[in-house]
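Trainee: Could you walk me through the cavities and the odd backbone spots in this one? I'd like to reason it out as we go.

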Amino acid sequence: MSNPGTSNSAAIENRAQLVEVLERGSKPQSEWKIGTEHEKFGFVLPGQDDGREPLSPPPYEPKGIGALLQKLEGPDWAPIHDGEALIGLAGQNSQKGRSISLEPAGQFELSGAPVVSLQETQAEMQEHFDLIRGPASELGIGFLPFGFQPLWSRDAMPWMPKSRYAIMRNYMPKVGSLGLDMMTRTCTVQVNLDFGDEADMARKMRVSLALQPLATALFANSPFVEGKANGYLSNRARIWTDVDNQRAGQPPLFFAEDFGFEKYVDWALDVPMYFVARDGKNLDVSGCSFRRWLNGEPQPGLEGLTPTIGDFEDHLTTVFPDVRLKQFLEMRGADAGRPEMMVAQSALWVGLFYDAATLEAAEKLVLEQPWEVYQQLRADVPVKGMQAEFPGGLKTLAKRVVALAEQGLRARVRNEAQFLDPLHLIADGGPTQAEYWLALYEGAWGGSVKPLFREAAI
């Protein structure tokens, strides 16, 4: 199986085709599913006798991430190549619908299959950890689900042989100061959720984009940089404030009452391109305008190429708002963390989105404040977490939101409400993951982050 590019080679003849790409995601509620994706950092297990530094990030090869993919390849996991390099696995048979992929520095990602219940989400996550633990251990590799690489510098991180990442690596420093940190030193967990129609999508977008900073605070789990506490509870979220603000953040038009598929298409067309795929290769067209290409205007690197639906679908994967629209909605505001917290992230949004009365109540709650309040909250929570200022208090907002999510889960009658228990504890004043680890760092660990690799490993 080859990686670069999507398969739809139909030429784009009009803008309506691009809108239709998104419209195809509309589904009746009976078909709504839950798709959870989570990333984790590899590290060299202590006690190896081959000269590798303990806790260091494993390279692609030898005895690294590429070797782990080779060990997993088999009847249930088909190879995905970028050129000659094995860069992922596509689930087959019992693993159908799942995929394993590599982030730029070898962060190992499972993209879960669309499932019906949170119990299935939890079981899938545990099955994945069980799948990789043995083969990884044979290679002397462990895994740490954490929001930001806690020990190693950017220069110490390896790069995976994935062509789109080479293009991004060259382009990122031109548009922001922290893009390479985002690529190599961050890990997230996200849940992908369905919508019924355009109006349902727009409502879910407004609610989730407004509440994404609250999710960042609740799931904050990245307080360390290069072995030290650096004053942030979610350094991963801080990184996203200066990656590429043309393609990231909370675009104001997403909050507008007339927001819909066309508005998203128009926004995406004006986000600079990264690449186009031709003949199994990704061509570097970074900085080009998809809109101008579509209009037939000359673009360097695109001479003689006709824009296709597949090109646009690829382009949609290169925009990074806090909530991303494809043929589903991706919640992108949370740090990777403990397994129960990553399932809780899915539970939060399923509870808010998949019961009509709860979603309506959540929208009314969100509309109590102007959008500017949520945009300011996004700027504040990387440092202050649940102590960030919010009218009436952020913990009060958290209690109201988590209570609504519980209402929504109970309406599903699937015995899922218990997955919100970790969030109830935080909303009631308990420590976030970041605060829990900081207390150990400042106390029992004596100012070292190295015990984290033992205590938080999966």
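What follows is a chat about cavities and backbone geometry.

Mentor: Sure, but keep in mind this is a predicted model, where local features need pLDDT of at least 70, side-chain atom pairs count only at pLDDT 80 or more, and totals for chains, interfaces and linings use all residues. Residues are numbered from 1 along each chain as its sequence is written, and side-chain values use heavy atoms, with hydrogens and water left out.

Trainee: What is the volume of the largest cavity?

Mentor: A cavity here is a set of points, on a 1 Å grid over the protein atoms alone, where a 1.4 Å probe fits but cannot get out. Volume is the space filled by probe spheres set on those points, which are joined across faces, edges and corners. The structure holds two cavities of 30 Å³ or more. For the largest cavity, the volume comes to about 160 Å³.

Trainee: Which helix gives the most to the lining of the largest cavity?

Mentor: Lining residues have an atom within 4 Å of a point, and the largest cavity has 13 of them, with Arg236, Trp240, Asp322, Gly333 and Arg378 nearest its centre. Helices (H or I, at least four residues) and strands (E, at least two) are DSSP runs, numbered from the N terminus. At least two lining residues each come from α6 (198–218), α7 (235–239), β13 (320–321), β15 (329–335) and α13 (371–384). The top contributor, with three residues, is α6.

Trainee: How many charged residues line the second largest cavity?

Mentor: That cavity holds about 30 Å³ of space, and its lining is Phe41, Gly42, Pro57, Pro58, Ala105, Gly106, Gln107 and Met157. Ala, Val, Leu, Ile, Met, Phe, Trp, Tyr, Cys and Pro count as nonpolar, Asp, Glu, Lys and Arg as charged, and the others, Gly among them, as polar. So the split is five nonpolar, three polar and, for charged, none.

Trainee: Where is proline 62, the one in the cis peptide bond?

Mentor: Most peptide bonds are trans. The bond joining glutamate 61 and proline 62 is cis, with omega about -5 degrees. Proline 62 sits in the loop between β1 (34–44) and α2 (65–72).

Trainee: Leucine 55 has a positive phi; is leucine 55 buried or exposed?

Mentor: Its phi is near 75 degrees, and leucine 55 is found in the loop between β1 and α2. Buried means under 20% relative accessible area, exposed over 50%, and partly exposed in between (1.4 Å probe, protein chains only). At 9%, leucine 55 is therefore buried.

Methods: On a 1 Å grid over the protein atoms alone, a cavity is a set of points where a 1.4 Å probe fits but cannot get out, and a pocket is an open set with protein on both sides within 12 Å along at least five of seven lines; lining residues have an atom within 4 Å of a point.
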